[in-house]
Amino acid sequence: MNMSLLMVLPEEILALGAIALMLVAAWGGQASTRMVSIVAVAVLVGATIALTGPASYGGDAFGGLVRGDAFGAFAKVLIFGASAIAILIAPRFFAAGRGDDLRPEYPVLILLSAAGMSMMVSAGDLLTLYVGLELQSLAAYVLASFMRRDTRSAEAGLKYFVLGALASGILLYGISLVYGFSGTTLFSSIATAYGEGRSLGLTFGLVFVFAGLAFKMSAVPFHMWTPDVYEGAPTPVTTFFASAPKVAAVALSVRVAVEAMGPATDQWRQIVIFAALASIIFGAVAAIGQTNIKRLLAYSSINNVGFVLIGLAAGTQAGVAAVLFYLTVYVVMTLGSFLIVLQMKDAAGQPVESITALAGLSRTRPGLALAMAIFMFSLAGIPPMLGFNAKVAVFQAAIVAGLYPLAVVGFVASVIGAFYYLRVVKVMYIDAPAETVEGAPLAVRTDPVEGGLIAVMAAAISPIGWLGLASLGGATMVAAKALF
Amino acid sequence: MLAIPAIAAVACLFSSAQGARWIALIATLIDLVLGIGLWTSYDIGGAQWQFVEDAGNLGIFSWKLGIDGFALLLVMLSVFLMPVCIGASWVAVTNRVQEYMAAFLFTEVLMIGTFTAQDLFLFYIFFEAGLIPMYLIIGIWGGVNRIYASYKFFLYTLLGSVLMLVAMLWMANFAGTSDIPTLLRTDFPVKAQTFLWLAFFASFAVKMPMWPFHTWLPDAHVQAPTAGSVILAGVLLKLGGYGFLRFSLPMFPEASAQLTWLVLGLSAIAVIYTSLVALVQSDMKKLIAYSSVAHMAIVTIGLFAFNRQGIEGAMIVMLSHGLVSAALFLCVGVIYDRLHTREISRYGGLAINMPRYALLFLFFTMASIGLPGTSGFVGEFLSLAGTYQVSTAITLLCTTGIILGAAYMLYLYRRVVFGDLTKDDVRAMPDLSLREIALLAPIAAVALWMGVYPESFLAPMRKDVATLEARISRATPAGDSLPTPGKAMALPVQHAEARP
């Protein structure tokens, strides 16, 4: 028991920290925002440090309800990092906002969400999975509608909530089917049940569980909430949505697919392949017509989830390692792109979101334009950016697993995707600076913290990041090994 | 060699316009000197791979560089043309000079990297990354329709390349390594070879470009700035030929033999078709672009002749075309800078007021046609001699194409340079400046050298050609040419009309 408590130390730190900060927020009110934010980041750092303990190697805790392994630890590092950045970037956005100040609940909600995600990725049981998922989602629904006076934000929150509840229902139905036909909610026992042979009930359960998870990952055909929520939510929240919960949902799906349903790989592989190709193609085609940069990035995230799923479709250890590698690169690219979106402000300091506002950025803000170009080329998978290495890694796994048609179609579809990323670069580098009502866009100077983050991320994605490739590859291999 | 332009490119971004020009020029000249040093110290007949630099594994790929004879010559071509490009844009580019120079220097890094890469994925990275600076060069500093052209260029070539990447992944998985020298000795199953070959073909045929995948080229050329066209025609088009030489032929000999009919057929069509198209062009750059496609077709038939003359000829055509078409684009650039139009009909009678220009232009026209004594002749003759042993019909068609080539080039020359000097603005055009002569004269000298004494260029690659020939000899395609005394040595089996 004692050991079990040590293994969930990161989650404990997060949960207790969140509760304590909530009390501070309740009594301290608006004035405590700054302090709560700082402490929240410290809590996340503490949780990350706690990952070095038994949380990353301990094995089963609480009789298998939670697993402490390298896979979970790897995903948690990404989740905690992305959450911390989401807290760091918020104050400036809200300071210039439309009258909705940043309230101290924001970091608390992020912490709660992080605790939920942390539970998701190390779940060893369907119930842990569900509780973690709901904790994450409920915090996320509130975050989406955080700007109370903004109708778009409220709409995003409501939409997210209704569709999320539907997805949770689907997921619960699948869980109940799996439980009904296998008699257990423990992943290891479910795997035994799947190993014993095909049962219609179990197959149905599998389909529903994957449908529910696909919603959380925003994979096609369960993606329709993504563009609206991304557009409506405040930009720091969108940044958060596009990074941490995505990692958690994908890591959770990998764990469920491999640990609980490993013997049924042939059954879920078809679902995953369909979702992967549909996401890649739909994400690429639908993004072409977008004029809002946040919507564009939403479709881009749908597109990227498709590539991640290709690694999962391989169903091998190399595939899982590729998934983690892709997720790491994806998180950095996405955070970087959204950080640049945060810099987009008009002369009055109001945020602007249209792609045309980026016109001529290479002349007005060459450094920012260069960073954005690196992120865009990387998202498109053009070498020498790291996004290329990530794509190659997932496709390599698919080819080793013998999924040639998937690899060919996926690659060809990635060319369609390249078009809209290229358009952003074109707008920045080729078009003349915008002379619209928005005046001189990006008139506001970049905050040193945000600028530094952008620079570090852009450097990591550019060929300078090659230096870290070997160690990152090693870490993902170790993490993937934990599942097999 | 890779580091100098890369560092200079970064330096360019932070300097003034004039400073960037000088930094770029000096960096490319240093690289040229280094290239000459490389050439003189290259041990002809020594190890196949020389100057190997291996910096270990970086995730899925390793950083390993090295050159053989083919790579040496193409690297030389790149470093030779680079200073010329910088010089060509000395006054023509006034807008965002720093970024322009940086883009060119990055292009140089990537091209040298492509030719020297010893790792499959490293090759691909350099190969594809070259798209980014070229996209920007065409898109920012190009002509009126530049955005369309830059998109077309980027997406077309990217689409071709991703298929190659799938094939590369398969190969690396099959062979357990992505090291090119090792893969060159790996025998892939014949059945898989066909698919791999087609995947590589998709990429190289677009880059090359072969008919019918050439449509991006005229657009890209017409819209690109002069120096962009030079680098596009001079070096980037060679990537396709280099790819065939490095990958398709030695790695998949059986598949290459089976599919020779496809390459030869497409090439023959290309030579005739593009020559006819070139004949009716009213835009000078477009005309030269189409002539590039025709010349590249001569390269492919030479490569797929499966014998020594063909391969050597193909290499020489590549080098020669790199020089000559680059020079022709420069010639167009010279008068474009003065009159700002590429319409052929706007010119005429330049021989009267620009005699020096007319002389150099004449030389390059002749070299493009393949007049004996110029580089074009050596290459085309060797290619066609090689092809003749395989297929008389194809050779006949291609030779016809070369005659058409003479027709359109001479027709162009007559309309631009000869005739009466009727237009006032044309009459006012000054002759070549010292800078322009300094750009064109070295190219002319090298082209002449290659034409008179091709041995200097043949020697470094002779051993590699022999290695390649030994590698592909087991799969020589059956030809349709009649056995003739003195030509039989290259063909073990010859059947009349044995083409499947």
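Two residues are in contact here if their C-beta atoms, placed from the backbone, lie within 7 Å. Keep that in mind as we go, and remember that this is a predicted model.

**Stop 1: all of chain B**

Select chain B and colour by secondary structure. You'll find 22 helices and two strands. Turn it around: along its principal axes the C-alpha trace spans about 65 × 50 × 40 Å. How does chain B's radius of gyration fit with a compact globule? With 500 residues, such a globule would come out near 23 Å, and chain B has 22 Å, which agrees. Buried residues account for 60% of the 500 residues in chain B.

Now back to contacts. Take those in chain B between residues at least 6 apart in sequence: 80% of them join residues at least 24 apart.

**Stop 2: the two domains of chain B**

Give residues 1-253 of chain B one colour (domain 1) and residues 259-468 another (domain 2). Their centres, taken over C-alpha atoms, are separated by 22 Å. Where they touch, domain 1 of chain B puts in 39 residues and domain 2 of chain B puts in 43.

Stay on the domain 1 side and pick out α3 (69-88), α10 (216-223) and α11 (226-251) of chain B, each of which supplies at least two residues there. Which of its elements gives the most? That's α11(B), with 13 residues. By class, this side of domain 1 of chain B has 27 nonpolar, ten polar and two charged residues.

**Stop 3: where chain B meets chain A**

Show both chains. Here 26 residues of chain B are in contact with 27 residues of chain A. On the chain B side, select β1 (50-58), α5 (120-129), α6 (131-141) and α7 (146-175), the elements that give two or more residues. α7(B) gives the most, at 13 residues. Colour this side of chain B by residue class and you should see 21 nonpolar, four polar and one charged.

**Stop 4: a helix in chain A**

Finally, select residues 33-50 of chain A: this is helix α3, 18 residues reaching 25 Å from first C-alpha to last, close to the 26 Å expected at 1.5 Å a residue. Show the side chains of its buried residues, among them V36(A), A40(A), V43(A), L44(A) and A47(A). Then look straight down the axis of α3(A): the buried residues fall within an arc of 140°, so they line one face of the helix.

What lies over them? Bring up α2 (9-28), α4 (70-95) and α5 (105-121) of chain A, which are included in what covers the buried residues of α3(A).

Note on methods
Residues are numbered from 1 along each chain as its sequence is written. Chains are lettered from A and ligands numbered from 1 in the order in which they are written. This is a predicted model: local features need pLDDT of at least 70, side-chain atom pairs count only at pLDDT 80 or more; totals for chains, interfaces and linings use all residues. Helices (H or I, at least four residues) and strands (E, at least two) are DSSP runs, numbered from the N terminus. The radius of gyration is taken over C-alpha atoms; the globule rule is 2.2 Å times the number of residues to the power 0.38. A residue is buried if 20 or more other C-beta atoms lie within 10 Å of its own, exposed if 12 or fewer, and partly exposed in between; C-beta atoms are placed from the backbone. Ala, Val, Leu, Ile, Met, Phe, Trp, Tyr, Cys and Pro count as nonpolar, Asp, Glu, Lys and Arg as charged, and the others, Gly among them, as polar. Domain bounds come from an automatic or database domain assignment. The expected span of a helix is 1.5 Å times one less than its number of residues. The arc is that of the directions from the helix axis to the C-beta atoms.
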